[in-house]
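Thank you all for coming. I would like to walk you through one structure today, taking a few places in turn.

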Amino acid sequence: MTGTTLFDLLERLTSLMRMWNRQHPLLAELQSIQVSALIYLSRCNRYSNTPLAVTEYLGLTKGTVSQSLKALEAKGLIEKSQDPRDRRSVHLRLTEPAQALVAAITPPDFLVTALAQMGERAEQLEALLGDLLRQIQRNQDVPGFGLCRTCRFHQQRDGQPFCGLTGETMTTPDIELICREHQPPEAA
Ligand code: SF4
């Protein structure tokens with residue numbers, strides 16, 4: 001297997017996603033990088049909602065991401081707050097209008113429809129794509145940005161989710177979020 005066909009498929013799916021974003025009436029005022037930043041911030045946990053984490057996740061330059069975040073703030077779609085324990089650190093959160101916007105556009109209808117039509121094979125596909133992403137991340141030594149519940153530091157204490165890395169209790173919704181510090185169980 002050379003990977004050419006899979007690469008073509010991923011390229012085509014990415015193009016369709018971009019095209020869909022450009023054409024969506026709710027996204028007419030936003031650049032695609034701004035949409036990506038909003039979607040990421042809607043899916044990441046409290047350790048991962050900093051400007052640096054957005055930059056790492058999107059794989060773009062600090063300057064480009066900084067301009068996009070400023071534009072989102074000016075549009076009233078994100079707000080900043082200082083970290084109570086580290087005043088040099090800033091956290092970004094979606095405002096209510098931004099939360100409503102992201103909820104209205106994700107996951108896109110065309111994806112939901114296609115996955116429903118695929119039935120059980122959609123679950124297999126999701127698992128296989130997850131394997132592919134983890135394999136690539138291991139090989140390339142890039143930040144994890146994985147789901148909390150799949151992390152090697154994820155534990156249960158007194159019936160509550162608990163992060164073994166930060167030593168903090170998590171909530172049940174937290175474990176479905178993306179974390180910058182995520183490490184796969186295989187790395188233990
Ligand atoms: S358990 Fe892992 S993924 Fe979850 S918050 Fe801790 S480091 Fe992040």
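**The ligand shell, a helix pair and one arginine**

By class, the shell around the ligand consists of seven nonpolar, four polar and one charged residues, where Ala, Val, Leu, Ile, Met, Phe, Trp, Tyr, Cys and Pro count as nonpolar, Asp, Glu, Lys and Arg as charged, and the others, Gly among them, as polar. Please keep in mind that this is a predicted model, in which local features need pLDDT of at least 70, side-chain atom pairs count only at pLDDT 80 or more, and totals for chains, interfaces and linings use all residues. Residues are numbered from 1 along each chain as its sequence is written. Around the ligand, with a C-beta atom, placed from the backbone, within 6 Å of it, are residues including Asn-45, Tyr-47, Cys-148, Cys-151, Cys-163 and Cys-179.

Turning to the helices, which are DSSP runs of H or I with at least four residues, numbered from the N terminus, H2 (residues 32-43) and H4 (residues 62-74) pack at an angle of about 80°, with their axes 10 Å apart. The axes are lines fitted to C-alpha atoms over the stretch in contact, and angles run from 0 to 180 degrees between N-to-C directions. H2 is therefore roughly perpendicular to H4, a term for angles of 65 to 115 degrees.

Finally, consider Arg-180, which counts as partly exposed because it has 19 C-beta neighbours inside 10 Å, whereas 20 or more would make a residue buried and 12 or fewer exposed. Arg-180 and Cys-148 are 32 residues apart in sequence, and their C-alpha atoms are 9.4 Å apart in space.

Key:
Helices (H or I, at least four residues) and strands (E, at least two) are DSSP runs, numbered from the N terminus. Angles under 35 degrees count as roughly parallel, over 145 as roughly antiparallel, 65 to 115 as roughly perpendicular and the rest as oblique.
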